[in-house]
Amino acid sequence: FNIAANDYPLGVFGGEQRFDFPSVYVARKRANSLAYDMSRNEFEGKKKQLSRDLSKAYYKLSYFHNRHRVYYQIDSLYARVADATKTSHEVGALSYLEMLNAQLSYEEVHLLLIQMQHDIDIARENLATLMNYDSVFMIPTEPMELLFVQVDSLESDPGYLYWQNAGLMQGEELKAEKNMLLPDISLGYFNGTNRYTGAQHYQGFEVGLGIPLFFG
């Protein structure tokens, strides 16, 4: 059936490669580029959120430090007042009720000061967690200043850009699927010969188009 000129059968070896229509690769390249942009937008969004959380945690800790410093001064003042009222009561200058009121006021301020220290510890732990830092650290004591919020434009927001690119990518993926209905291109090469006397090489190539029969 496949006999060469030397009356012996041929052994044929070859290969074939199938390609999609070129517009399919163009659409897929655009979709992949948009997917890369989406990943970059997602990274920038997480980076921006982390920066916001770090700033918020830092200023919260700074606020607690400043508050604790003020109440520490108030606590010292109330402690001196409580000692003075106790001395005045001992010499008969103040009544026992007035002394108790002064002692109660000092204890209330002191308990509030202890609670503030707990707030500082929690805020410092939160900041350390965000920084992924497990060593002891301190922040500088600086006066609180009024902060002004800088609002970014919508066009530069990573979240907005992410969903914008997501819509564009879906459009490119749809184009790629539609282009899949276009004919496929196939290229093939073969070489036939045998090992007998008078053997020759018979080479050839083929070019084909694959036409879809069903579009469902």
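## Strand pairing

Which residue in S2 is the bridge partner of Phe19? In this predicted model, the partner is Ile185. The pairing belongs to a set of strands that run antiparallel. Strand S1 covers residues 11–19 and strand S2 covers residues 184–193, with nine bridges joining them.

S2 also pairs with strand S3, residues 202–210. Nine bridges join these two strands, and they too run antiparallel. Here Gly192 has Tyr202 of S3 as its bridge partner. S2 thus has bridges to S1 and to S3.

## Salt bridges

The model has nine salt bridges. One of them joins the side chains of Arg18 and Asp184, with an N to O distance of 3.1 Å. Arg18 sits in strand S1 and Asp184 in strand S2, so this pair ties together parts that are 166 residues apart in sequence. Arg18 is partly exposed, at a relative accessible area of 45%.

Asp20 forms a salt bridge with Arg28; their closest N and O atoms lie 3.4 Å apart. Is Asp20 buried or exposed? Asp20 counts as buried because its relative accessibility is 9%, and the cut-off for buried is under 20%. Arg28 is partly exposed, with a relative accessible area of 35%. The two pairs do not stand alone: Arg18, Asp20, Arg28 and Asp184 are linked in a network of salt bridges.

## A pair within helix H1

Helix H1 spans residues 22–90. Lys46 and Glu42 form a salt bridge, their closest N and O atoms being 3.7 Å apart. How far apart are Lys46 and Glu42 in helix H1? They are four residues apart, so about one helical turn separates them.

Their accessibility falls in two classes. Lys46 is exposed, with a relative accessible area of 54%. Glu42 is partly exposed, at 39%.

## Nonpolar cores

Nonpolar side chains tend to be buried together in soluble globular proteins. The largest nonpolar core here has nine residues: Ala57, Leu61, Phe64, Ile120, Ala123, Leu127, Ala128, Phe137 and Ile139. Which elements give two or more residues to this core? They are H1 and helix H2, residues 96–131. H2 gives the largest share, four residues.

Phe137 is a member of this core. Leaving aside neighbours within four places in sequence, Phe137 is in contact with Arg124, Leu127, Ala128 and Met131. Of these partners, Leu127 and Ala128 are also listed in the core. A second core is separate and has five residues, including Ala31, Met38, Ala166 and Met169.

## Positive phi outside glycine

Asp7 has a positive phi, near 65°, and is a residue other than glycine. Where is Asp7 placed? Asp7 lies in the segment before S1. At 64% relative accessibility, Asp7 counts as exposed.

Asn132 is not a glycine either, and its phi is positive at about 55°. Asn132 is found in the loop between H2 and helix H3, which covers 158–179. Asn132 counts as exposed because its relative accessibility is 71%, and the cut-off for exposed is over 50%.

Definitions and conventions: Residues are numbered from 1 along each chain as its sequence is written. This is a predicted model: local features need pLDDT of at least 70, side-chain atom pairs count only at pLDDT 80 or more; totals for chains, interfaces and linings use all residues. Side-chain values use heavy atoms; hydrogens and water are left out. Two strands pair if DSSP finds at least two bridges between them. A salt bridge is a side-chain nitrogen of Lys or Arg within 4 Å of a carboxyl oxygen of Asp or Glu. Buried means under 20% relative accessible area, exposed over 50%, partly exposed in between (1.4 Å probe, protein chains only). A nonpolar core is a set of buried Ala, Val, Leu, Ile, Met, Phe, Trp, Tyr and Cys residues joined through side-chain atoms within 4.5 Å. Contact means heavy atoms within 4.5 Å.
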